[in-house]
Amino acid sequence: MVQPVLSRTPVKKPLRPAWLLLLLVLLPSAGMVAADKKVRGEAARPPDLLLEGGRKLTFDRALASERDIRGKKGFWKKLVDAVAGEAASQAMVRPYGVAVDSRGRVLVSDPGVAGIHVFDLEQHKYKLLQRRENSKDPMLQPQCIAVDAADNIYVTDSQAGKVFVFEPGGKYKGVLGSLKGGEGFFKRPTGIAIDPETQRIYVTDTLRDRVYILDPQGRVLKYFGKHGEENGEFNLPTELLLKNGLLVVVDAMNFRVQIFDREGNFQSGIGDVGDGEGALFRPKGIGLDSENHVYLVEGLSGMVQVFDREGQLLYFFGGRGTALGRFQLPAGLFIDRDDRVYVVDSYNRRVQIFQYHGLKLNTVGALR
């Protein structure tokens, strides 16, 4: 019997696309990485701080680079990043001051990059403002930031001795305090605040122990303060804040905060020297919440201390460390109209954002 002969010709199998094989390799590991990040993120989130009368302080988020405000990635973007690597993003190097404009954009000064980080959380956009390459009026060591009623950005430069001004979109607008020959008028400008009613600009000149009051064009209207320890005198004043008609000045080496009216007349003071709770040793950024509590960064202990107007310590949060909710050499502080508290965590190269849930007050005259 003759058996049929079977063909030994190999059968060609359909080729699988290379990208499909790549997906089979990448997807399981990508899922595990995402799950791991989620677990670590939840574990690292600090607990809520429960306060008297139903008040509380909660952690919101941290900003360290433009990567932190990018929108959620789609599938293909994740795939491209997995294969080619994520695009480089600008990170904070040595952040110092912080402010928030009417659009909710977070502005962070960074002497480490001689620029201003602009984080637009709502639009998921980032911009870096710099003037290092300009031969005339380069920005060298940006310190504190303020915005006016039109969202123009003002930043002090401690090395240049000037105040730089940018339009809301980031275009350079001009400089205040630039003398003939390019020298700066101020010896060491640090803190800055703008009166929303009069548009006057307040600048601390740390090495002169003064606060200057300028008109919107940058002309000096007056100044107050001199070196000393009495009320109205300073020993290296730094950050300042203007709210509800009162000017709050951090008098750093007198280890206190002094409160003045708009014209520079002394009203009251907060603080005693020391390294314990409620004491001040390295006071930095300052802010006021909707209940007119005074928030003061204490750089030595890595804490933010919160006082009432009489100087009574209400509570504190933070402490030295690298975990979320802790700080290393914190500097600037800002509280927006929704009681979000922004703390510049300088050595950890980030800004941490908290939400204060308090009792809303009518702020008109409430601070008085």
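Throughout these legends, a residue is called buried if its relative accessible area is under 20%, exposed if that area is over 50%, and partly exposed in between, with a 1.4 Å probe and protein chains only. The model is predicted, so that local features need pLDDT of at least 70 and side-chain atom pairs count only at pLDDT 80 or more, whereas totals for chains, interfaces and linings use all residues. Residues are numbered from 1 along each chain as its sequence is written, and side-chain values use heavy atoms, with hydrogens and water left out.

**View 1. The loop residue E291 and its contact with L359.** E291 is found in the loop between β19 (283-288) and β20 (294-298), where strands (E, at least two residues) are DSSP runs numbered from the N terminus. With a relative accessible area of 10%, E291 is buried. The side chain of E291 reaches the backbone nitrogen of L359 at 3.1 Å.

**View 2. The second largest pocket and its lining.** A pocket here is an open set of points on a 1 Å grid over the protein atoms alone, where a 1.4 Å probe fits and protein lies on both sides within 12 Å along at least five of seven lines; lining residues have an atom within 4 Å of a point. About 1,200 Å³ of space lies in this second largest pocket, the volume being the space filled by probe spheres set on the points. Its lining is made of 46 residues, and V100, L241, L242, F334 and I335 lie nearest the centre. Among the strands that each supply at least two lining residues are β3 (98-100), β7 (142-147), β19 and β23 (330-335), while β15 gives the most, with five residues. The lining divides into 21 nonpolar, ten polar and 15 charged residues, with Asp, Glu, Lys and Arg counted as charged, Ala, Val, Leu, Ile, Met, Phe, Trp, Tyr, Cys and Pro as nonpolar, and the others, Gly among them, as polar.

**View 3. Strand β9 and its two faces.** In β9 (residues 162-166), five of the five residues are buried. K162, F164 and F166 point one way from the strand, and V163 and V165 point the other way.

**View 4. The hairpins on either side of β9 in sequence, formed with β8 and β10.** Strands pair if DSSP finds at least two bridges between them; β8 (residues 153-157) and β9 run antiparallel and are joined by five bridges, with Y154 opposite V165. Four bridges join β9 to the antiparallel β10 (residues 172-176), where V175 is the bridge partner of F164. In the hairpin of β8 and β9, with four residues between the strands, G161 takes a positive phi near 75 degrees, and in that of β9 and β10, with five residues between, G170 takes a positive phi near 105 degrees.

Definitions and conventions. Polar contact = N/O pair within 3.5 Å; in protein donor to acceptor, adjacent residues only side chain to side chain.
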